[in-house]
Every structure is written in structure tokens, then in C-alpha cells.
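Student: Could we go through this model together, one question at a time? I'd like to see how each answer follows from the structure.

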Amino acid sequence: MKKSVVSKEYQKLQKDIIELQEQWKTSLDPDCVRPKIDKAAMEAGVPVTALAAIDFDISLFLQWIEDIGHLLSKYQPEIESSMQTIKSLMDEETAKRWIDEAFAFNYIYFAGFAEENGLDGWIPQFVAETVLRPYLQLTAAKIQDEIHHGVHGAGCPVCGEPVRLAQLEGEGKKVLHCPRCSAHWNDRRTACSHCGNNDHETVKVLTIEGESAAQIQICEECKGYTKVIDTRQYIVKPTPAMLDLNTIHLDFVAQEHGYKSAGEAKQTN
Ligand SMILES: [Zn+2]
Ligand SMILES: [Zn+2]
């Protein structure tokens, strides 16, 4: 196991970002997101946030960019000037575009934006994704009661993030949790959460030495993996984002074995 691959500093930064997002969320007007429940779209695997109306507040957006800049510069001082550049380029239209493109995982748009403006390639998408999350989480919290199951292969029913994390509840029920928007939904314990394969010959478990409460479910059909964490004994349950971060070494183990968090479509001949 290569727990050391993830530096302590990286984990600390991620933790600080998650805390910042928790703070930001409290400053959002609860009515700024208006999800629309469309059962047919949900059954077809369309994430709910794709159909939600979201009002962005440009002044909050600018404040949050400043907050991230302040945080990142503690780790990497030269980043401050990039954040100033982003702030100076930001207007309502660009902010809306960023949110749309972050939602669509459009890395090409962000790479282009970085290049045009002389920024490090990773910065714009990272910033956009970071400020998008509180909105996604607010959306998920509003409609959680309507979310019972997902569509295999479609990722999170609320935000579309690929599945990678589950927790055990009650008698050992598998509940998938999205580290991006915090939505949760049920899945069959023995099924692959990517392709739905329920064959015990090809859905297997990787156990991790020294970790009795964590295992990795893997699927030979789609090569997908899901971290399954038994948090039933935890006194305080971490948020999905924190649990995902604290178990990041399991992602490395799964990926080293050739599995992915987004399964591949089955090859049928
Ligand atoms: Zn999600
Ligand atoms: Zn599968």
C-alpha cells in the first residue's frame, strides 16, 4: 500500500478547502437553487443539477475566489498573482460560464482559458470546481428525500460525478455517497455500482491489510471499483468529502490493480 503517495500537505490543503466550502455554504441563500424533479429524466440518468435553476451571486463568487487564493498562497505563495488575474477577469458572464463548464467537466474550455490568460493549466478548472460544490451540495440537500436509487453507469443522480464511495448501514446495506455533492442513494450490496453486474464470479472484493472497516469492491466486467467503508462503528460520521479524502489510499490501491472509478462499457461481441 502506498499511503505515502498522498502527501500530508496535499491532504491538509484538501481538508482546508472542504472546511472553506462548509463555511461558504452557510452564506448561500437557500432559495438560490431551485431543483426541478423530472422523474423520467432521472430514470434516464440525467443528473438533477443539470435541470436545476441556480442564481449566482457574482460578489460571493469574487469573495470565494479571494478566499481560495488566500488559502492556496499559504501552500504556494506564487499563486496569489494568478488569483488576482482571475479576479480581474471575472464578470457575471464569465462566472456563469465557469459554473456551466465546471458542471460539464469541460477541461478543454478551462485549459484554453488558462492558456489565453497565462495561468497555470490546472488553476481555472480547480477554482471553478471548488466554488461550484457548495451549490451542488445545496441542491442535493434540497432533494435528498427524492433520491432513492441511481442509474448504473450514470454516476451520481444529483451531480453526475462517477461513483467511487459507499458506506454500510444497518444490516450491511450498501449506500453510495457522492463526495462532490454529498447526495446518497441505495445500491445492491453484491452488485457492481458502475455497471450493475451482480455475478459473484466477477464482482469481487479487495481487502486491505490492517483495515477491517474498509474494502474495495471490484468488477471484472467493467473494471470499475467502489470503496466500501463500514462507518457503522464511527461515533461521528465524516462528510462524504472527508471520508473520500481519508480513504484516498484505497483509490491508489484500486488504480494500481487496474480498476477505475468510472467503469468501462462492456464489450459485447
Ligand atoms: Zn453528486
Ligand atoms: Zn461493473
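Tutor: Gladly! Let's start with a term: two residues are in contact if their C-beta atoms, placed from the backbone, lie within 7 Å. Keep in mind that this is a predicted model.

Student: Which helices do the buried residues of α4 pack against?
Tutor: Helix α4 spans residues 79–89, and its buried residues include Ser 82, Met 83 and Ile 86. These three cover an arc of only 100° around the axis, which puts them on the same side of α4. The face turned away from that buried side carries the exposed residues Ser 81 and Ser 88. The packing partners of the buried residues are α3 (58–75) and α7.

Student: Nice, α7 caught my eye. Which element gives the largest share of the side of domain 1 that touches domain 2?
Tutor: First, the division: domain 1 covers 3–146 and domain 2 covers 165–256. The contact takes 13 residues from domain 1 and 10 residues from domain 2. On the domain 1 side, the elements giving two or more residues are α1 (8–26) and α7 (123–143). The largest share, 5 residues, comes from α7.

Student: How do the residues on that side of domain 1 divide into nonpolar, polar and charged?
Tutor: We are still looking at the 13 residues that domain 1 brings to the contact. They divide into 5 nonpolar, 5 polar and 3 charged.

Student: And what distance separates the centres of the two domains?
Tutor: The centres here are those of domain 1 (3–146) and domain 2 (165–256). Taken over C-alpha atoms, their separation is 25 Å.

Student: On to the sheet. Which strands stand at the edges?
Tutor: The sheet is open and has 6 strands with mixed pairing, in the order β5-β4-β3-β8-β7-β6. From one strand to the next, the twist averages 35°. Each edge strand has a single partner, so one side of each is left without a neighbour in the sheet; the two are β5 (184–187) and β6 (203–208).

Student: What is the bridge partner of Leu 176 in β5?
Tutor: Strand β4 (residues 173–177) runs antiparallel to β5, and 4 bridges join them. In β5, the partner of Leu 176 is Trp 185.

Student: How many residues of β8 are buried?
Tutor: Let's take β8 one side at a time. Tyr 225, Lys 227 and Ile 229 are buried on one side, and Thr 226 and Val 228 are buried on the other, which leaves both faces covered. Of the 5 residues in β8, the number buried is 5.

Student: Which residue of β8 is the bridge partner of Ala 166?
Tutor: Strand β3 (residues 165–169) pairs with β8 in the parallel sense over 3 bridges. In β8, the partner of Ala 166 is Val 228.

Student: What about β7 and β8: which residue in the turn of their hairpin has a positive phi?
Tutor: These two strands run antiparallel and are joined by 5 bridges. Ile 218 stands opposite Tyr 225 in β8. The hairpin has 5 residues between its strands, and the one in the turn with a positive phi, about 65°, is Lys 223.

Student: Is Ser 212 buried or exposed?
Tutor: Ser 212 lies in strand β7. A residue counts as exposed if 12 or fewer other C-beta atoms lie within 10 Å of its own. Ser 212 has 9 C-beta neighbours inside 10 Å, so it counts as exposed.

Student: Last one: at what angle to β7 does helix α9 run?
Tutor: Helix α9 (residues 248–256) lies across β6, β7 (211–219) and β8 (225–229). Its angle to β7 is about 40°.

Definitions and conventions
Residues numbered from 1 in each chain as written. Chains lettered and ligands numbered in written order. Predicted model: local features only at pLDDT ≥ 70, side-chain atom pairs only at ≥ 80, totals over all residues. Domains from an automatic or database assignment. Nonpolar A, V, L, I, M, F, W, Y, C, P; charged D, E, K, R; others polar. Pairing = 2+ DSSP bridges. Axes fitted to C-alpha atoms, helices over the stretch in contact; angles between N-to-C directions. Buried ≥ 20, exposed ≤ 12 C-beta atoms within 10 Å, placed from the backbone. Arc of directions from axis to C-beta.
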